[in-house]
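Biologist: Please take one part of this model and examine it closely, in terms that a first-year student can follow. I should like to hear about the helix packing and the charged pairs around it.

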Amino acid sequence: MIRRPPRSTLFPYTTLFRSEAALTHFKNLGGVAVINLRKPWETDFDEQAIVEKLGLEYYNFPVSGRKELSAATMEKIGNAIRELGDVPVMVHCASGNRAAAWLATHLVTVHQDSLDNALKVAKSVGLTSKVLEIGRAHV
């Protein structure tokens, strides 16, 4: 399932998924790149191979779902998004929590959105973790 944040100027998609079909669907929507926030043990297929076979760019920035996203990881994700430009990018994890937490920070730091609104948007696309939500208060 692919969920797009309710903001027309924002291209990153956040998602939770477990299949090649979801990646193919994303490509068919015009997707250009996939940023995977999962650790290697969280998947049972070779996502990078599938993404590259589809002609998409692939990035993996493993993030623990039990801790805040580190500033260094946030910077890596942000750099990848900036390098790609204004194109559809899928940012995903296993549950949607980490991707939504990243989105909240992205909205505040890049789009100058308020923290309250950024958290509202993040919750609408999958943020349920109090640990990750509290971490966003440090933006």
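Modeller: What follows is a close look at helix α4, its helical neighbours and the salt bridges of the chain. The model is a predicted one, and every value below is computed from it.

It is helpful to begin with the chain as a whole. The secondary structure comprises 6 helices and 5 strands. Read from the N terminus, the order of these elements is β-β-α-β-α-β-α-β-α-α-α. The chain has 139 residues, of which 50% count as buried. If one takes the contacts between residues at least 6 apart in sequence, 69% of them join residues at least 24 apart.

Helix α4 covers residues 97-109. Two packed helices are described by the angle between their axes and the distance between the axes. For α4 and helix α5, which spans residues 115-124, the axes come within 8 Å and cross at roughly 150 degrees. An angle over 145 degrees counts as roughly antiparallel, and α4 and α5 are therefore roughly antiparallel to each other. Their crossing is right-handed. On the side of α4, the contact is made by Ala100, Leu103, Ala104, Leu107 and Val108. On the side of α5, Leu115, Ala118, Leu119, Val121 and Ala122 take part. What kinds of residue make up this contact of α4 with α5? There are 10 nonpolar residues, no polar ones and no charged ones.

The loop between α4 and α5 contains Gln112. The phi angle of Gln112 is near 55 degrees, a positive value in a residue other than glycine. Gln112 has a relative accessible area of 63%; since a value over 50% counts as exposed, Gln112 is exposed. Beyond this loop, in helix α5, one finds Asn117. Asn117 is partly exposed, its relative accessible area being 29%. Between Asn117 and Leu107 there are 8.7 Å in space, C-alpha to C-alpha, and the two are 10 residues apart in sequence. Leu107 is one of the α4 residues in the contact with α5.

Helix α4 also packs with α3, which is formed by residues 71-84. The axes of α3 and α4 are 11 Å apart, and the angle between them is about 70 degrees. That makes α3 roughly perpendicular to α4, because angles of 65 to 115 degrees fall in that class. Here Met74, Ile77 and Ile81 in α3 meet Ala101, Trp102, Thr105 and His106 in α4. The residues of the contact of α3 with α4 divide into 5 nonpolar, 2 polar and no charged.

The charged pairs can now be considered. The structure holds 3 salt bridges. One of them involves α4: the side chains of Arg98 and Glu42 meet with a distance of 2.8 Å from N to O. This pair links distant parts of the chain, for Arg98 belongs to helix α4 and Glu42 to the loop between β3 (33-36) and α2, 56 residues apart. Is Arg98 buried or exposed? With a relative accessible area of 4%, Arg98 is buried, because buried means under 20%.

Arg98 has a further partner in Ser64. Leaving aside neighbours within four places in sequence, Ser64 is in contact with Lys39 and Arg98. Ser64 lies in the loop between β4 (57-60) and α3, and at 21% relative accessibility Ser64 counts as partly exposed. Ser64 and Arg38 are 26 residues apart in sequence, and their C-alpha atoms are 7.7 Å apart in space.

Arg38 leads to another salt bridge, in which the side chains of Glu47 and Arg38 meet at 2.4 Å, N to O. The relative accessible area of Glu47 is 2%, and Glu47 is buried. Arg38 likewise counts as buried at 2% relative accessibility.

A further salt bridge is formed by Glu20 and Lys53, with the closest N and O atoms 3.1 Å apart. This pair too links distant parts of the chain: Glu20 is in helix α1 (residues 20-28) and Lys53 in helix α2 (residues 47-53), 33 residues apart. Glu20 is partly exposed, with a relative accessible area of 34%, whereas Lys53, at 59% relative accessibility, counts as exposed.

To draw the picture together, helix α4 is roughly antiparallel to α5 and roughly perpendicular to α3. Through Arg98, α4 is also joined by a salt bridge to Glu42.

How values were computed. Residues numbered from 1 in each chain as written. Predicted model: local features only at pLDDT ≥ 70, side-chain atom pairs only at ≥ 80, totals over all residues. Heavy atoms only, no water. Salt bridge = Lys/Arg side-chain N within 4 Å of Asp/Glu carboxyl O. Helix = DSSP H or I, 4+ residues; strand = E, 2+ residues; numbered from the N terminus. Buried < 20%, exposed > 50% of the residue type's maximum accessible area, 1.4 Å probe, protein only. Axes fitted to C-alpha atoms, helices over the stretch in contact; angles between N-to-C directions. Parallel < 35°, antiparallel > 145°, perpendicular 65-115°, else oblique. Left-handed = near helix turned anticlockwise from the far one by under 90°. Contact = heavy atoms within 4.5 Å. Nonpolar A, V, L, I, M, F, W, Y, C, P; charged D, E, K, R; others polar.
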